[in-house]
Each structure stands twice: as C-alpha cells, then as structure tokens.
Amino acid sequence: MNTDYENKKITIVGLGYVGLPLALAFSKKYPVVGYDINPSRIEELKKRIDQTDETNPKELHAALENGLQLTNEIEAIADATIYIVTVPTPVNENKEPDLSFLLEASKTIGSVLKSGDLVIYESTTYPGCTEEDCVPVLEKYSKLKFNHDFFCGYSPERINPGDKVNTLTKIKKVTSGSIPLIAEYVDQLYKGIIEAGTYKASSIKVAEASKAIENAQRDLNISFVNELALIFDRIGIDTREVLEAAGTKWNFLKFTPGLVGGHCISVDPYYLTHKAKELGYDPQVILSGRKINDYMPSFVAQKMVKLMGQKGIPLNQSRCLILGITFKENCPDIRNSKIPQVVRELEEYGITVYIHDSHADSNEVKRNFNIELIEELNTYDSILLAVNHKEYKDLKISELKRFSTSVVFDLKGIFPMDQVDARL
Ligand SMILES: NC(=O)c1ccc[n+]([C@@H]2O[C@H](COP(=O)([O-])OP(=O)(O)OC[C@H]3O[C@@H](n4cnc5c(N)ncnc54)[C@H](O)[C@@H]3O)[C@@H](O)[C@H]2O)c1
C-alpha cells in the first residue's frame, strides 16, 4: 500500500459551482488539473470567464498563471494521484437519484486509475453511494482492488453560491476515508486549504449522511414556515410579523417562508428518502416537507391572482412583472427555479408575465425554460418581488411603485407590511 502522496498531483473532475473554487484553492499548494466534459466551459475558463460567478477573473487568472491546467481530455489527467469528483447529482422526473454523472465520472477515473491512487467524492449523495455504487465502477474500469490497490474518501461540499463571505475555505469541512489511514490523509489534505478546519467523520457513510441531512433539515424547517404561511394567510395575518415576534425567544429557529428551488435543498432529501425506501422504510416527515415546499409556487400564483382580483384588475388583459428567476439571491443559478411554475399558473388566467433578473444569464433562461428575460422595466398591473438580489433590495418602495401602483406582492419580506399588498 502506497499512501505517500508527497508528489501528489490533483485532478478535479467537474468544474462547476463546486469544482472550480476547489481547483483554485488546491492549486495554491499543489499541481492541479481541472477536468470537465464540457469543452465550452473549459474554453470560457481559459478566457478567465466564470459563468457561475463563484470566482473572480483575477483569481482565475492568477491560478492559471501559477500552473492550474484545464482540460477536457482524459489523457491529461492520467498522471494524477488524487482525483476529486464534483459532478452534478440531480433527480430524474420521478424524483429518483440520477447517478449518471457520478457513474460516468467514476468510469473516466477508473480508466486511468493506478495502484496507490486516491479518489475523493464531494458530490452530494446518499449514505452508501460511494462504496456501493461508485467503487464497483472504479474497480471494473481499472481492474484494481478497492482498499488494496486504490482508496476512496468522501468530503461533502458545503459552499453557498452567491455568498462572498462564507466561501469554500471559511466553512468547516467534513472529511472521511475508506480506511483509517486514508481518512487521516484526506483530513490533512483538506486541512491544508480550509482555514476553518475540518471534521473527520468515522466513515464514508457517516460523512455522506451528514451532508444529506444538512439539506433535508433545512428543507423541513422551511416547509414548516411555509405551512405557517398557508395557515396565517387564511387567518389574515402576516407570517413575517409572527416569526419576528416568536423569534424574540432565544431558542426559536429563524427560518423564513419561500420558494425552495436549486439543486441542493429541493433535491437532496430525495437521495435520503430513496435510500430509506430501498431499505424498506417509508419516510413520512421528510416527504411531507417536500410536498408543502413543492406546493408553494401554486400558492404564490393563486395569491397573486386574488390580489389582482381584489383590485378589480381584468386578469386577461393584465401585465405582471416578476423580479428575479434565480433560485436564490445574488447568484446566476437558475437550476430548479420555481418561477416558471408560477408563470405557467398566472398565464392560465390570461395574465401576461414579464421577468427581469439582474443576475441570471438570459440565454440560459431561454434554453432551460423558454422564457425571454426583459432588460428594461415598463409599467405593470402587478409586481411579484421574487428574489432579493441586492439590486432589488436596494430599491426604495417609491422607486418600485413607479412600475406598478396596483399590486406589490413581496415574497422576500424586503418591505414593511404596510408598504406592500402582501408578503409571504
Ligand atoms: N452548487 C452548490 O451550491 C453546491 C453546494 C453543495 C454541494 N453541491 C453538490 O456538488 C455537486 C456539484 O454541484 P455543482 O453545483 O458544482 O454542479 P455544476 O452543474 O455547477 O457543475 C458540474 C460540472 O461537472 C461537469 N461534469 C458533468 N459530468 C462530468 C464528467 N463525467 N466528467 C467531468 N465533468 C463532468 C459539468 O460539465 C459541470 O461543469 C453536486 O452533487 C451538488 O449537489 C453543490
């Protein structure tokens, strides 16, 4: 067994929101090759353009000048000793884990894996996935034996897209390895780049599960306040005012209602429930939270229709402006955005919907949702303030009301209740 990775060369497989910042961080200490199957992503990055906005051109430029290599050719990653996998883990249309990216990446690595190499997975998945699903692919394509010829680790990514304060190196990182010696090695490797330190989990499964429950817990907490919003709307009180009052107690957890999109919180719980079902347990709590969060786009559309109806606006000639389509503020990520669902429901009432987003890429929005973003704002019968991008948060209510004096529905609670028609 060779665990002397002194002359280590790291390959990061998948250069998206997670992989690119990781490649940059490791490249400050070690030789790094960033590998991605998407040639246009590689070309853009070589031109110092990062569509995810997670790194800045200067940082990227410095890393490339200092030797970071970027490639979409398998031969260029053959001499690495450590492979770190950061590819997508979405769900399919039946809300079942789609492991195709993870298995394909494992196949690629398997084809170049050598005796003594280490493969660390960072993609979010269910407990057992690394050892039960990925390792057999690595073994098959490398013809090497797990925990004899090569080893694995799992260190879940915790980045928060759009957050320029809690960046990769500032968030404590969970690490693990397939044998104790490797667990310690993986831990030391990450300690070298993570200023916030690391937490060595007792096994790969524990580390995998820790990530899955992080997001499932958040999903459930949000579903609770979303359910409160559904109840308080019927009572006729503002949910955010109730939460503010309750939040004066030290142990009241601070969550706010909203649309739950994105590739993490709205997806990861299904990884955990998939595993539970596979083992004969039918999860109740986790899936009930998912059901409520999935219902929220419909509630938002219905609420908007009511607000417009109460103002006597003829719906089938009306124009509604939605501010924001990304799944969260200050980032361009539109994966699993719930806004297209809101749009579809509003359109069923004959309402013409216009969407503006100060961060989303209009070509991506067109390609994914067949929606044309608008660039200039006009006047509308209603405004749905859907994402609290800095540009929208900085608006004064008088500036916002230049675009509609009729209905302002503030999903993010940016404005006080008495300045808008409704908040979520
Ligand atoms: N983005 C986040 O905020 C975040 C946070 C925590 C965890 N995660 C998890 O990290 C993983 C990666 O997410 P992401 O947001 O970076 O995804 P992403 O879609 O931004 O990037 C993934 C990249 O992998 C590439 N890729 C796909 N298959 C490949 C293959 N076989 N070989 C090489 N490259 C391949 C894609 O071209 C893409 O550039 C997911 O499991 C996700 O759940 C993401």
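## Close-ups of the predicted model

**Figure 1. Arg 48, a residue in a loop.** With 16 other C-beta atoms within 10 Å, Arg 48 counts as partly exposed, because 20 or more would make a residue buried and 12 or fewer would make it exposed. Keep in mind that everything in these views comes from a predicted model. Arg 48 sits in the loop that runs between α2 (39–46) and α3 (57–65). If you check the backbone torsions, phi here is positive, at about 70°, even though Arg 48 is not a glycine.

**Figure 2. Asn 330, another positive phi.** Here's a second non-glycine residue with a positive phi: Asn 330, with a value near 55°. Look for Asn 330 in the loop between β9 (319–323) and α11 (339–348). Is Asn 330 buried or partly exposed? Its count is 18 other C-beta atoms within 10 Å, so Asn 330 is partly exposed.

**Figure 3. The open parallel sheet.** Six strands line up as β3-β2-β1-β4-β5-β6, making an open sheet with parallel pairing. At the edges are β3 (69–71) and β6 (151–154), each with a pairing partner on one side only. Direction ignored, neighbouring strands in this sheet are turned against each other by 20° on average. Helix α1 (residues 19–27) packs on the sheet and touches β1 (10–13), β2 (32–35) and β4 (82–85). Compare the directions of α1 and β2, and you get an angle of about 170°. As a reminder, strands in a sheet pair through backbone hydrogen bonds, in either a parallel or an antiparallel way.

**Figure 4. β4 and its two neighbours.** On one side, β4 pairs with β1 in the parallel sense over four bridges, and Ile 12 stands opposite Ile 84 of β4. The pairing of β4 with β5 is parallel too, again over four bridges, with Val 85 facing Tyr 121 in β5. Where do the side chains of β4 point? Ile 82 and Ile 84 go one way, Tyr 83 and Val 85 go the other, and all of them are buried. That fits the usual pattern, since side chains in a regular strand alternate between the two faces of the sheet.

**Figure 5. β5 meets an edge strand.** Strand β5 (residues 118–121) runs parallel to β6, and four bridges join the two. One opposite pair to zoom in on is Leu 118 with Phe 151 of β6. β6 is one of the edge strands, so called because it pairs on one side only.

**Figure 6. Around the ligand.** A shell of 28 residues surrounds the ligand, and Gly 14, Gly 16, Tyr 17, Val 18 and Ser 123 come nearest. Which helix gives the most to this shell? That's α4 (residues 100–112), which supplies four residues. Sorted by class, the shell holds 13 nonpolar, 10 polar and five charged residues.

**Figure 7. Where the two domains touch.** The domain assignment splits the protein chain into domain 1 (10–202) and domain 2 (217–423). Taken over C-alpha atoms, the centres of domain 1 and domain 2 are 33 Å apart. Domain 1 brings 17 residues to the contact and domain 2 brings 16. On the side of domain 1 that touches domain 2, the residues break down into eight nonpolar, six polar and three charged.

Key. Residues are numbered from 1 along each chain as its sequence is written. This is a predicted model: local features need pLDDT of at least 70, side-chain atom pairs count only at pLDDT 80 or more; totals for chains, interfaces and linings use all residues. A residue is near a molecule or strand if its C-beta atom, placed from the backbone, lies within 6 Å of it. Ala, Val, Leu, Ile, Met, Phe, Trp, Tyr, Cys and Pro count as nonpolar, Asp, Glu, Lys and Arg as charged, and the others, Gly among them, as polar. Two strands pair if DSSP finds at least two bridges between them. Axes are lines fitted to C-alpha atoms, for helices over the stretch in contact, and angles run from 0 to 180 degrees between N-to-C directions. Two residues are in contact if their C-beta atoms, placed from the backbone, lie within 7 Å. Domain bounds come from an automatic or database domain assignment.
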